[in-house]
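Please open the structure in your viewer and keep the selection tool ready. This tour moves from one selection to the next, and each stop says what is to be found there.

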Amino acid sequence: MLDRVKNTSLYQPTQPGLVFPEIPEFDNFDDHRLHLKQRLVAACRAFALEGFDYGFAGHLTIRDPEHPELYWTNPMCVHFAQVKVSNLILADHKGRVVQGRHAINRAGFVLHAAVHEAHPDILAMCHAHTVYGTAFAALGRPLEPISQDAAAFFEDHVVIKDEAGQVAVEEKAGMAVCDWFKGVKAAIHQNHGLLTASRHSIEAAAFWFIALERCCRQQLLVEASGHKPVLVSPERSRYSREHVGSEYIGWLHFQPIYDHVAATQPDMFD
């Protein structure tokens, strides 16, 4: 009889000795920081592969492990596909760049810094101007649980109507948005687009952003058919959210994405 391993997720193997991603642990800040920066870059590269670029719009952030009042982010006016470990910038909650040569995205600072400062538990955030997320955001309503994928966001995202459609370059705009991120991993900002936040990792924030964009696309496709979808029941939606919508599952989903990007785009480590 095989020994069985006790796990916290249904997706972790119970049979010992099998190859499976493990959350790393670090004994110093330098190693931890490099790990986070590499994953942040991989998330930017993944956004490029998904076609999430739109000029200079879009910003991803992760707190520094040693100085949590600071966060790493992608540089202003650098394409997602050209983000590297060497051109990331480190900024504070006032929008001041404390490390790096590039400028900071003003809208990214306003939104992300406000959320990071108001919610010390939030480690990472993602935002980009995507086609389907922006289109769905124009409807000003939440996703419906039309599938298991969409059920991962059931009662775990909000629709933000404050500052709807207005470019968020004033600090008060960020404060209006940050209050909505209590206890949820995603937000649909009306007339603007999608945002995700993670209390776990940049990997989770990035994957749930990719997933949310995909769910918005699916919802729009279903509605375009002219037929009313059959919804997953609230009880089953909550079950799915618990087992396939957790922070850990978001982290796990991102692991093959990271491995693919790291193998095919080694310049990301420059």
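Is Lys 185 buried or exposed? Select this residue first, bearing in mind that the model is a predicted one: Lys 185 has a relative accessible area of 4%, and because buried means under 20%, Lys 185 is buried. Now add Asp 156 to the selection, since Lys 185 forms a salt bridge with Asp 156, in which the closest N and O atoms are 2.6 Å apart. Lys 185 lies in the loop between helix H5 (171-178) and S7, while Asp 156 lies in the loop between helix H4 (148-151) and S6, so the pair ties together parts that are 29 residues apart in sequence. Asp 156 counts as buried too, with a relative accessibility of 13%.

From here, select strand S6 (residues 157-160) together with S7, two strands that run parallel and are joined by four bridges. If you look along this pair, you will find His 157 opposite Ala 186 in S7. On the other side of the pairing list, select strand S8 (residues 193-198), which runs antiparallel to S7 and is joined to S7 by four bridges; here Ala 186 stands opposite Thr 196. S7 and S8 form a hairpin with three residues between them, and Asn 191, in the turn, has a positive phi of about 60 degrees. Within S7, show the side chains: Ala 186 and Ile 188 point one way, Ala 187 and His 189 point the other way, and all of them are buried.

Next, turn to the interior and select Phe 47, Leu 60, Cys 126, Leu 143, Phe 153, Trp 208 and Phe 254, which have the most contacts inside the largest nonpolar core, a set of 56 residues. Among the elements that give two or more residues to this core are helix H1 (29-49), strand S5 (124-128) and helix H8 (247-264), but H6 gives the most, with 12 residues. A second, separate core has 11 residues, including Val 115, Val 158, Val 184 and Ala 187. To see how one member of the largest core is surrounded, centre the view on Phe 47, whose contacts beyond four places in sequence include Leu 60, Phe 80, Cys 126 and Phe 209.

The following stop is Arg 45 and Asp 267, which form a salt bridge with their closest N and O atoms 3.0 Å apart. Asp 267 lies in the segment after H8 and Arg 45 in helix H1, so this pair ties together parts that are 222 residues apart in sequence. Arg 45 counts as buried at 1% relative accessibility, whereas Asp 267 is partly exposed at 29%.

Now select Pro 75, in the loop between S2 and strand S3 (89-92), which counts as buried at 2% relative accessibility. Then add Ile 89: Pro 75 and Ile 89 are 14 residues apart in sequence, yet their C-alpha atoms are 6.0 Å apart in space. Pro 75 also touches His 102 and Ala 103, among others.

Finally, move to the surface and select Leu 10, Tyr 11 and Tyr 239, which form a nonpolar patch with about 380 Å² of accessible area together. Tyr 239 lies in helix H7 (residues 234-244), and at 52% relative accessibility Tyr 239 counts as exposed.

Note on methods. Residues numbered from 1 in each chain as written. Predicted model: local features only at pLDDT ≥ 70, side-chain atom pairs only at ≥ 80, totals over all residues. Heavy atoms only, no water. Patch = residues over 30% accessible without salt bridge, like charges linked within 9 Å, V, L, I, M, F, W, Y side chains within 5 Å. Areas by Shrake-Rupley, 256 points an atom, 1.4 Å probe, with all protein chains shown as cover. Salt bridge = Lys/Arg side-chain N within 4 Å of Asp/Glu carboxyl O. Buried < 20%, exposed > 50% of the residue type's maximum accessible area, 1.4 Å probe, protein only. Core = buried A, V, L, I, M, F, W, Y, C linked by side-chain atoms within 4.5 Å. Contact = heavy atoms within 4.5 Å. Pairing = 2+ DSSP bridges.
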